[in-house]
Amino acid sequence: DKSPQELVEDAIKTANQADAVVVVLGEPFCMSGEAACRSMIGLFDNQIELLKALKATGKPITLVLMNGRPLTLPWEDRNLDAILETWYGGTMAGAAIVDVLFGDANPSGRLT
């Protein structure tokens, strides 16, 4: 098993070999719904530290969020190139997210 610092170092090495970085972060499913309150509703500290380390690479960063509640993202909003809110999708969420990231689908909602 690797330490959190080793995992961040691995992420930085991988990012340095890429043209752009896509980071998927958020909350575990069990942290949404009744009896799952949090006093701070942002990303976890270790996730923010990962984002800051990746930002230091100078690569463009897209944050893909998976969560069940709105999150406060002040640092992320000011420092990242794109944020895609995906909530908790179903079995085809991965394919839909890839379609949006590659421009094959427009993430828009429509009312009936």
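**Entry 1: Ala-11 and helix H1**

I started with Ala-11, which sits in helix H1, residues 4–16. Helices here are DSSP runs of H or I with at least four residues, strands are runs of E with at least two, and both are numbered from the N terminus. A note to self before going on: this is a predicted model, where local features need pLDDT of at least 70 and side-chain atom pairs count only at pLDDT 80 or more, while totals for chains, interfaces and linings use all residues. Residues are numbered from 1 along each chain as its sequence is written, and side-chain values use heavy atoms, with hydrogens and water left out.

Is Ala-11 buried or exposed? Neither label fits: Ala-11 counts as partly exposed, at 23% relative accessibility. The cut-offs I use are under 20% relative accessible area for buried, over 50% for exposed, and partly exposed in between, with a 1.4 Å probe and protein chains only.

Next I looked up what Ala-11 touches, with contact meaning heavy atoms within 4.5 Å. Leaving aside neighbours within four places in sequence, Ala-11 is in contact with Leu-50 and Leu-54. I also checked Leu-51: it is 40 residues from Ala-11 in sequence, and the two are 9.9 Å apart in space, C-alpha to C-alpha.

Thr-14 is in helix H1 too. Thr-14 is exposed, with a relative accessible area of 54%. Its C-alpha is separated by 9.8 Å from that of Leu-54, 40 residues apart along the chain.

**Entry 2: helix H2**

Those leucines sent me to H2. Which residues of H2 are buried? I found Gln-47, Ile-48, Leu-50, Leu-51 and Leu-54. Looking down the axis of H2, these buried residues fall within an arc of 155°, so they line one face of the helix. The arc is taken from the directions that run from the helix axis to the C-beta atoms. A reminder from class: an α-helix has 3.6 residues a turn, so residues three or four places apart point the same way.

The face turned away from the buried side of H2 carries the exposed residues Asp-45 and Asn-46. And what covers the buried residues of H2? The cover includes H1, S1, S2 and H3.

I picked Gln-47 for a closer look, in helix H2, residues 45–55. Gln-47 is buried, with a relative accessible area of 13%. Beyond its neighbours within four places in sequence, Gln-47 is in contact with Leu-25 and Gly-26.

**Entry 3: the sheet**

Gly-26 led me on to the strands. The bridge partner of Gly-26 in S2 is Met-66. S1 and S2 run parallel and are joined by six bridges; strands count as paired if DSSP finds at least two bridges between them. To get from S1 to S2 the chain crosses through H2, in a right-handed β-α-β crossover. Right-handed means that, with the strands pointing away from the viewer, the path from the first strand over the helix to the second runs clockwise.

Strand S2 (residues 61–66) is also parallel to S3, and four bridges join them. Thr-62, for one, has Ala-82 as its bridge partner in S3. Here the chain crosses from S2 through helix H3 (residues 74–79) to S3, and this β-α-β crossover is right-handed.

Putting the strands together, I get an open sheet of three, in the order S1-S2-S3, with parallel pairing. Strand S1 (21–26) and S3 stand at the edges with a single partner strand each, so one side of each is left without a neighbour in the sheet. Neighbouring strands are turned by 20° against each other on average, direction ignored. H4 packs on this sheet and touches S1, S2 and S3, with its direction at about 150° to that of S2. Axes are lines fitted to C-alpha atoms, for helices over the stretch in contact, and angles run from 0 to 180 degrees between N-to-C directions.

**Entry 4: one loop residue**

Trp-87 lies in the loop between strand S3 (82–85) and helix H4 (93–101). Its phi is near 55°, a positive value in a residue other than glycine. Trp-87 is partly exposed, at 41% relative accessible area.

**Entry 5: cysteines**

How many disulfides does the structure hold? Zero, counting a disulfide as a pair of cysteine sulfur atoms within 2.5 Å. Why is Cys-30 without a bond? The closest cysteine sulfur, in Cys-37, is 13 Å from the sulfur of Cys-30, which is too far. Cys-30 is exposed at 65% relative accessible area, and Cys-37 counts as exposed at 75%.
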